[in-house]
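Grab a pencil and have a go at a few short exercises on reading a protein structure. Try each task yourself before you peek at the solution.

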Amino acid sequence: MKIATFNINGVNTRLDALLAWLRKEQPDVACLQELKAPQDAFPAQAIADAGYGAIWHGQKSWNGVAILARDAEPVEIGRGLPGDPEDSQSRYIEAAVEGIVVVCLYLPNGNPQPGPKFDYKLAWMDRLLVRAQQWYDSGQPVVIAGDYNVVPTDEDIYDPKSWRKDALLQPESRERYERLLAMGWLDCLRHVFGEERVYTFWDYFRQHWERNAGLRIDHLLLNAELAPRLRAAGVDRWVRGQPKPSDHAPTWIELGPGKAVKKRVKKAVKTVKKPGKPSTKTT
């Protein structure tokens, strides 16, 4: 089973690129972030024609997350990160796919920092830690995939010097990511690549793509039930090299066979509450 995460940076703007990637790489599950489309503007038919069922949490102009499943229909568990009923930004969605709980997130960027946007990022991460602990302890196989907007260590960026003031590298952001790993979540790319540098994001400025001046901010984390099934991980760099690309490249893992727990997942679907409507503001 191949599970991927991809910050598409505008699902309608880059729909052709998305469909080309789905055709070539055929991930079984694809988590998308930064849809930049309201709920009713998501290209559901085009994605269905490509062979994928989908659920999505859209938002006008900004944010937005989706989970796609090849030849299957994701079963929604929840949308909106629990813990703050006033936060309706479209950054988080959960689904059951073929016996696996798939969590897709688009963590706040937090810039500029210090300031309210960074405060929101840290508060969001604190809520994520609570939810992640619940899923880790659930006994179900779980993957949390997405754009975390956190560079975990200096080895995950081409040159940290010019980024020291950026929210992605702040000690508070990194400390919360480390607390996720301390629960037992496995950082798949780091586990597979070891000390080798691997990047998932290259911004549009100063020829960062051409110079391979990248950052690793897209992560897939597995809990103890799912981690033993990890077989491979990688980055589809070719997508970043296409005309008018997203500044991210799809990042993926492959899982070997294992026992499904569909009955327990179905039970979880019935117990998670739904949040309110998304706002049109972003941070």
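The exercises below use this predicted model, and each one comes with a worked solution.

**Exercise 1. Place Asn 9 in the fold, decide whether Asn 9 is buried or exposed, and find its contacts.**

Step 1: start with the location. Asn 9 sits in the loop that runs between β1 (2–7) and α1 (15–25).

Step 2: check the accessibility. The relative accessible area of Asn 9 is 10%, and buried means under 20%, so Asn 9 is buried.

Step 3: look at the side chain. Here you'll find a polar contact between the side chains of Asn 9 and Lys 36, at 2.7 Å.

Step 4: list the partners, skipping neighbours within four places in sequence. Asn 9 then touches Arg 14, Gln 33, Glu 34, Lys 36, Tyr 204, Ser 246 and Asp 247.

**Exercise 2. Describe the largest pocket: its volume, its lining and the residues nearest its centre.**

Step 1: take the volume, which is about 500 Å³.

Step 2: turn to the lining. It has 24 residues, and those nearest the centre of the pocket are Glu 34, Tyr 106, Asn 109, Asn 149 and Asp 247.

Step 3: sort the lining by type. You get eight nonpolar, nine polar and seven charged residues.

Step 4: link this back to Exercise 1. Glu 34 and Asp 247, two of the residues nearest the pocket centre, are also among the contacts of Asn 9.

**Exercise 3. Work out why Cys 31 and Cys 104 do not form a bond.**

Step 1: count the disulfides in the structure; there are zero.

Step 2: find the partner closest to Cys 31. Its nearest cysteine sulfur belongs to Cys 104, 4.4 Å away.

Step 3: compare with the cut-off. A disulfide needs the two sulfur atoms within 2.5 Å, so 4.4 Å is too far for a bond between Cys 104 and Cys 31.

Step 4: see where the two cysteines sit. Cys 31 is buried at 0% relative accessible area, and Cys 104 counts as buried at 0% too.

**Exercise 4. Which residues does Leu 129 contact, leaving aside its neighbours within four places in sequence?**

Step 1: locate Leu 129, which belongs to helix α3 (residues 116–136).

Step 2: check its accessibility. With a relative accessible area of 7%, Leu 129 is buried.

Step 3: name the contacts. They are Arg 176, Arg 179, Leu 180 and Met 183.

Step 4: pick out one of them. Arg 179 is 50 residues from Leu 129 in sequence, yet their C-alpha atoms are 7.7 Å apart in space.

**Exercise 5. Find the unusual backbone angles at Pro 112, Pro 114, Gln 26 and Asn 149.**

Step 1: recall the usual case. Most residues other than glycine have a negative phi, and most peptide bonds are trans.

Step 2: look at the prolines. The bond joining Asn 111 and Pro 112 is cis, with omega about -5 degrees. Going from Gln 113 to Pro 114, the peptide bond is cis as well, with omega near 0 degrees. Pro 112 lies in the loop between β7 (100–106) and α3, and so does Pro 114.

Step 3: look at phi. Gln 26 has a positive phi near 50 degrees, and Asn 149 has a positive phi near 50 degrees too.

Step 4: compare their surroundings. Gln 26 is partly exposed at 42%, whereas Asn 149 is buried at 4%.

How values were computed
Residues numbered from 1 in each chain as written. Predicted model: local features only at pLDDT ≥ 70, side-chain atom pairs only at ≥ 80, totals over all residues. Heavy atoms only, no water. Helix = DSSP H or I, 4+ residues; strand = E, 2+ residues; numbered from the N terminus. Buried < 20%, exposed > 50% of the residue type's maximum accessible area, 1.4 Å probe, protein only. Polar contact = N/O pair within 3.5 Å; in protein donor to acceptor, adjacent residues only side chain to side chain. Contact = heavy atoms within 4.5 Å. 1 Å grid on protein atoms, 1.4 Å probe; cavity = no way out; pocket = protein on both sides within 12 Å on 5 of 7 lines; lining within 4 Å. Points joined across faces, edges and corners; volume = space filled by probe spheres on them. Nonpolar A, V, L, I, M, F, W, Y, C, P; charged D, E, K, R; others polar.
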